[in-house]
Amino acid sequence: MIYKVLYQENPDIPPTRERTKSLYVESESEREVRAKLRDRNINIEFIQALDDVHLEYEKKSENYKVESV
């Protein structure tokens with residue numbers, strides 16, 4: 001399953017919507033996504049499992065790229 005992760009690059013600064021970034025991770029569960037990203041110095045705001053319709057929409061974005069973690 002593909003998960004969309006919304007995060008802030010600097011965990012020391014309070015989250016601001018304008019600085020929110022996203023990445024896509026293939027994983028079996030949300031817990032596994034968190035484990036895969038544990039070594040990165042980021043503030044994870046939200047992890048969303050993408051259903052087929054939402055995934056097709058996200059694939060149209062120029063920023064869509066599944067991360068290798």
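## Contacts and overall form

Two residues are in contact when heavy atoms of each lie within 4.5 Å. In this predicted model, residues 24 or more positions apart account for 60% of the contacts in the protein chain with a separation of 6 or more.

The protein chain contains two helices and four strands. Followed along the sequence, these elements appear in the pattern β-β-α-β-α-β. The C-alpha atoms fill a box of roughly 35 × 25 × 15 Å along the principal axes. A compact globule with 69 residues would have a radius of gyration near 11 Å, and the protein chain has 12 Å, which agrees. Of the 69 residues, 26% count as buried.

## The sheet

Strands of a sheet pair through backbone hydrogen bonds, and the pairing is either parallel or antiparallel. In this structure, four strands form an open sheet with the order β3-β1-β2-β4 and mixed pairing. The edges are held by β3 and β4 (66-67), each of which has a single partner strand, so one side of each is left without a neighbour in the sheet.

How many bridges join β1 to β3? There are six, and the two strands run antiparallel. Between β1 and β2 the pairing is also antiparallel, over six bridges. Val5 takes part in both pairings: its bridge partner in β3 is Ile47, and its bridge partner in β2 is Leu23. The pairing of β2 with β4 is parallel and consists of two bridges. In this pairing, Tyr24 has Val66 of β4 as its bridge partner.

## The nonpolar core

The largest nonpolar core has ten residues: Tyr3, Val5, Tyr7, Leu23, Val25, Val33, Leu37, Ile42, Ile44 and Ile47. At least two residues of this core come from each of β1 (2-8), β2 (21-26), α1 (30-37) and β3 (43-49). The largest share, three residues, is supplied by β1.

Ile47, one of the core residues, shows how the sheet and the core involve the same positions in the chain. Ile47 is the bridge partner of Val5 in β3. With neighbours within four places in sequence left aside, the contacts of Ile47 are Tyr3, Lys4, Val5, Glu30, Val33 and Arg34.

## The aromatic pair and Glu58

The structure holds one aromatic pair. The ring centres of Tyr24 and Tyr64 are 4.9 Å apart and the ring planes stand at 55°, so the pair is tilted. Tyr24 belongs to strand β2, whereas Tyr64 is in the loop between α2 (52-59) and β4; the pair therefore ties together parts that are 40 residues apart in sequence.

Is Tyr24 buried or exposed? Its relative accessibility is 2%, so Tyr24 counts as buried, the cut-off being under 20%. Glu58, which is placed in helix α2, has a relative accessibility of 6% and also counts as buried. Residues up to four places away in sequence not being counted, Glu58 touches Lys4, Tyr24, Leu50 and Tyr64. Both members of the aromatic pair are therefore among the residues that Glu58 touches.

## Polar contacts of Ser27 and His54

Ser27 is found in the loop between β2 and α1. With a relative accessibility of 4%, Ser27 counts as buried. Which side chain forms a polar contact of 2.9 Å with the side chain of Ser27? It is the side chain of Glu32. In addition, a polar atom of the Ser27 side chain lies 3.4 Å from the backbone oxygen of Ser29. Apart from neighbours within four places in sequence, Ser27 is in contact with Met1, Tyr3, Glu32, Val33 and Lys36. Two of these residues, Tyr3 and Val33, belong to the largest nonpolar core.

His54 lies in helix α2, as does Glu58. Whereas Glu58 counts as buried, His54 has a relative accessibility of 22% and counts as partly exposed. The side chain of His54 makes a polar contact of 3.5 Å with the side chain of Gln48.

Notes:
Residues numbered from 1 in each chain as written. Predicted model: local features only at pLDDT ≥ 70, side-chain atom pairs only at ≥ 80, totals over all residues. Heavy atoms only, no water. Core = buried A, V, L, I, M, F, W, Y, C linked by side-chain atoms within 4.5 Å. Buried < 20%, exposed > 50% of the residue type's maximum accessible area, 1.4 Å probe, protein only. Pairing = 2+ DSSP bridges. Phe/Tyr/Trp six-rings, centres within 6.5 Å; stacked < 30°, edge-to-face > 60°. Polar contact = N/O pair within 3.5 Å; in protein donor to acceptor, adjacent residues only side chain to side chain. Rg over C-alpha atoms; globule rule 2.2 N^0.38 Å.
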